[in-house]
Amino acid sequence: MTDQAAAGAAASPVRDGLTLGLAVGTSGLAFGAAAVSSGLSVAQTCALSLLAYTGASQFALAGAVAAGGGLAAGTASAILLGSRNTLYGLRLASLLRVRGPGRLLAAHGVTDESTAVALAQPDGASARAGFRATFASLYLTWNLSTALGALGAGRVGSPQSLGLEVVGPAAFLALIWPRLRAGAAERGVGLLGAAIALAATPLCPPGVPVILAAAAALAGALATRPASRPAAPEADPQSGPP
C-alpha cells in the first residue's frame with residue numbers, strides 16, 4: 001500500500017466518525033427542549049447530557065417525567081434502555097484495547113453511533129480511530145445542542161415536529177449495511193435481532209425489545225465468529241535448523 005493510500009485509509013474512519021457525530025449530535029436540540037418542557041431545569045438537562053450521555057435513555061427519562069412518573073421512574077427507564085451499551089462494550093473491548101483509567105472514558109463514549117463506526121472498520125487501528133472521532137464530535141455536539149435546546153425550549157416548538165429522532169437509527173443502519181451484505185452469517189444475525197425486536201415491541205416495556213435484540217445479536221455474532229488459529233511458535237535464534 002502506498003503512503004497516499006495508507007493516509008486515505010486512515011482518514012476514512014475519522015471522517016465517518018466526525019460526520020456522524022456532527023449529524024446525530026444536533027438531535028440534542030430536541031432533547032434539551034423536551035427535557036425542559038417535561039419539568040427539568042436547564043442545569044439538570046445539561047448535567048444529564050454531560051454525565052449520562054445516552055441519547056435514547058435521556059429521551060426516555062424526559063418522557064417518563066413528562067408523563068408524571070417522576071425522576072425515579074424516569075431513571076429506571078433510562079437505566080433499562082441504556083444497559084444495551086454494556087453489550088456494546090463487551091464487543092468493543094477487544095478492538096479498543098484500552099488500559100488503565102482510560103477505560104472509564106472509553107466506556108463513557110460507547111454509544112450506538114461510536115459502536116457502529118468502530119465495527120464497520122476493517123482493522124483494529126481504524127476501529128480505534130473511528131471510535132475516538134465519533135465520541136469526540138458527538139459528545140461535543142450533543143452537549144452544545146442540548147444547552148441550546150434547553151435555553152430556547154419555548155421557541156423551538158414541539159421536539160417531535162423536528163424529526164431529529166430518526167437521524168441516529170438511520171445513520172446506524174447506513175453504517176452496518178455493508179456488513180449485513182458481506183455474508184450469510186451477518187445477515188442472519190441482523191435478521192434475528194430485527195425479528196426479536198419486532199416481536200417483543202407489543203409485549204414488553206420500552207427499552208426491553210432493544211436489549212433482547214442486542215443480546216441475541218451479540219450471542220449470534222460470537223457463535224458465528226471464526227475460531228482464531230494458534231500463532232506459530234517463534235524460532236529460537238540460538239538454535240540451529242531442525
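Here is a friendly conversation about the predicted model shown above.

Visitor: How many helices does the protein chain have, and how many strands?
Guide: This is a predicted model, so let's start with its overall make-up. From the N terminus on, the elements of the protein chain run α-α-α-α-α-α-α-α-α-α-α-α-α-α. The count is 14 helices and zero strands.

Visitor: What share of the residues in the protein chain is buried?
Guide: A residue counts as buried when its relative accessible area is under 20%. The protein chain has 242 residues, and the buried share of them is 36%.

Visitor: Of the contacts with a separation of 6 or more, what percentage joins residues 24 or more positions apart?
Guide: Contact here takes heavy atoms within 4.5 Å. Among the contacts in the protein chain with a separation of 6 or more, the part due to residues 24 or more positions apart is 73%.

Visitor: How many aromatic pairs are there, and is the one between phenylalanine 31 and tryptophan 142 stacked or edge-to-face?
Guide: The structure holds seven aromatic pairs. In the one formed by phenylalanine 31 and tryptophan 142, the ring centres are 5.9 Å apart and the planes lie at 20°. Planes under 30 degrees apart count as stacked, so this pair is stacked.

Visitor: Which helices does that pair link?
Guide: Phenylalanine 31 and tryptophan 142 are 111 residues apart, so to speak of distant parts of the chain is fair. Both residues are buried, with tryptophan 142 at 4% relative accessibility. The helices linked are α2 (residues 28–38) and α9 (residues 124–151).

Visitor: How are the rings of phenylalanine 59 and tryptophan 142 arranged, stacked or edge-to-face?
Guide: Their centres are 6.4 Å apart, with the planes at 70°. Planes over 60 degrees apart count as edge-to-face. The pair joins helix α4 (residues 55–66) to helix α9 across 83 residues. The arrangement is therefore edge-to-face.

Visitor: Is phenylalanine 59 buried or partly exposed?
Guide: The buried class ends at 20% relative accessible area, and the exposed class begins over 50%. Phenylalanine 59 has 28%, so the answer is partly exposed.

Visitor: Which residues form a cluster through ring pairs?
Guide: Ring pairs can join more than two residues into a group. Here the linked residues are Tyr53, Phe131, Phe135 and Tyr139.

Visitor: Which elements give two or more residues to the largest nonpolar core?
Guide: In soluble globular proteins, nonpolar side chains tend to be buried together. This core has 15 residues, and those touching the most other members are Phe31, Ala35, Leu40, Leu48, Tyr53 and Leu61. The elements that supply two or more residues are α1 (3–25), α2, α4 and α9.

Visitor: How many residues are in the second core?
Guide: This core is separate, and its members include Leu96, Val110, Ala127 and Phe131. Its size is nine residues.

Visitor: Do the buried residues of helix α3 lie on the same side or on opposite sides, and what arc do they cover?
Guide: In helix α3 (residues 42–52), the buried residues are Thr45, Leu48 and Ser49. An α-helix has 3.6 residues a turn, so residues three or four places apart point the same way. The buried residues of α3 are on the same side, because the arc they cover around the axis is only 90°.

Visitor: Which exposed residues sit on the face of α3 turned away from its buried side?
Guide: The buried residues of α3 are covered by elements including α2, α4 and α9. On the face turned away, the exposed residues are Ala43 and Leu51.

Visitor: How far apart are the end C-alpha atoms of helix α6?
Guide: Helix α6 (residues 84–96) has 13 residues, and at 1.5 Å a residue they should span 18 Å. There is a bend of about 30° at leucine 90. Even so, the expected span agrees with the distance between the end C-alpha atoms, which is 18 Å.

Visitor: Which residues does arginine 128 touch beyond its neighbours within four places in sequence?
Guide: Arginine 128 lies in helix α9 and is buried, with a relative accessible area of 18%. Its C-alpha is 9.4 Å from that of leucine 92, although the two are 36 residues apart in sequence. The contacts of arginine 128 are Leu95, Leu96 and Arg97.

Key: Residues are numbered from 1 along each chain as its sequence is written. This is a predicted model: local features need pLDDT of at least 70, side-chain atom pairs count only at pLDDT 80 or more; totals for chains, interfaces and linings use all residues. Side-chain values use heavy atoms; hydrogens and water are left out. Helices (H or I, at least four residues) and strands (E, at least two) are DSSP runs, numbered from the N terminus. The expected span of a helix is 1.5 Å times one less than its number of residues. The bend at a residue is the angle between axes fitted to the seven residues ending there and the seven starting there. Rings of Phe, Tyr and Trp (its six-membered ring) pair if their centres lie within 6.5 Å; planes under 30 degrees apart count as stacked, over 60 as edge-to-face and the rest as tilted. Buried means under 20% relative accessible area, exposed over 50%, partly exposed in between (1.4 Å probe, protein chains only). A nonpolar core is a set of buried Ala, Val, Leu, Ile, Met, Phe, Trp, Tyr and Cys residues joined through side-chain atoms within 4.5 Å. The arc is that of the directions from the helix axis to the C-beta atoms.
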